[in-house]
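Grab the model and work through a few exercises on charges, burial and strand pairing. Each task comes with a step-by-step solution, so try it yourself before reading on.

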Amino acid sequence: MVNSTTKMEILNHNIMNKYLLPIIILLFGCIANPQTEIKKEYYESGILKSETPFVDGKICGSMKKYFKDGKIESESVWKNDKLNGEFVRYYENGKLKSEATYAEDLLNGTEKIYHKNGKLKSEYEYINDEQVGDGKQYNEDGKLFVTKNQ
């Protein structure tokens with residue numbers, strides 16, 4: 001025979017499992033799982049122009065932009081609406097145009113810029129958007145012709 005205390009425990013357990021537990025799971029699921037989406041823009045021709053990832057309304061992830069012919073124009077890494085990682089740009093011919101690394105929207109590390117033929121044009125070091133050390137510039141054949149600190 002089940003006493004009244006045991007009946008109450010069973011009733012509370014059933015209420016918990018049937019009503020409260022799903023509500024708790026739903027609430028924590030919404031908090032723990034951020035809202036993510038990828039916004040896509042298109043040219044009038046229907047070709048993809050850009051893909052921008054958002055997490056909780058802020059740009060977060062790998063943003064990509066495309067030329068009108070569909071080839072990649074740039075790719076950049078973002079976190080909380082700020083450049084935070086590698087930022088790479090390309091010429092329309094598909095060759096690398098520039099590459100740089102950002103932290104919290106500030107240029108940090110080596111920035112390299114390339115000629116349209118793919119040869120290195122210049123390279124500079126940055127810390128928090130400030131150039132440090134000597135910069136190097138190269139002619140279209142890739143030969144160093146200037147070293148300077150700006």
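## Exercise 1: a buried acid

E111 is buried (under 20% relative accessible area, with exposed over 50% and partly exposed in between; 1.4 Å probe, protein chains only), yet this residue has no salt bridge (a side-chain nitrogen of Lys or Arg within 4 Å of a carboxyl oxygen of Asp or Glu). This is a predicted model, where local features need pLDDT of at least 70, side-chain atom pairs count only at pLDDT 80 or more, and totals for chains, interfaces and linings use all residues. Residues are numbered from 1 along each chain as its sequence is written, and side-chain values use heavy atoms, with hydrogens and water left out.

**Task.** Find the element that holds E111, the nearest side chain of opposite charge and the residues that E111 touches.

**Solution.**
1. Start with the element: E111 sits in strand β9, residues 109-114. Strands (E, at least two residues) and helices (H or I, at least four) are DSSP runs, numbered from the N terminus.
2. Now look for a partner. R89 is the nearest side chain of opposite charge, at 6.2 Å; Lys and Arg count as positive, Asp and Glu as negative, while His and the chain ends are not counted.
3. Finally, list the contacts (heavy atoms within 4.5 Å). Skipping residues up to four places away in sequence, E111 touches E99, A100, S122, E123, Y124 and Y126.

## Exercise 2: the salt bridges

**Task.** How many salt bridges are there, and which parts of the chain does the E51 pair tie together?

**Solution.**
1. Side chains of opposite charge can pair when their charged atoms come close.
2. Run the rule and the count comes to 2 salt bridges.
3. One of them joins E51 to K40, with the closest N and O atoms 4.0 Å apart. E51 lies in strand β2 and K40 in strand β1 (residues 36-42), so the pair ties together parts that are 11 residues apart in sequence.
4. Check the burial: E51 is buried at 17% relative accessible area, whereas K40 is partly exposed at 43%.
5. E104 and K82 also form a salt bridge, at 3.5 Å from N to O. Here E104 is in the loop between β7 (96-103) and β8 (106-107), K82 is in strand β6 (residues 82-90), and the two are 22 residues apart.
6. E104 is partly exposed at 46%, and K82 is partly exposed at 34%.

## Exercise 3: F54 and its surroundings

**Task.** Is F54 buried or exposed, and which residues is F54 in contact with?

**Solution.**
1. F54 belongs to strand β2, residues 48-55.
2. With a relative accessible area of 19%, F54 is buried.
3. Leave aside neighbours within four places in sequence, and the contacts of F54 are Q35, T36, E37, K39, I59 and C60.
4. Take K39 from that list: C-alpha to C-alpha, F54 and K39 are 7.5 Å apart in space and 15 residues apart in sequence.

## Exercise 4: zoom out

**Task.** Which elements make up the protein chain, and what percentage of its residues count as buried?

**Solution.**
1. The protein chain has 1 helix and 12 strands. From the N terminus on, the order is α-β-β-β-β-β-β-β-β-β-β-β-β.
2. Out of 150 residues, 22% count as buried.
3. Among contacts with a separation of 6 or more, residues 24 or more positions apart account for 5%.
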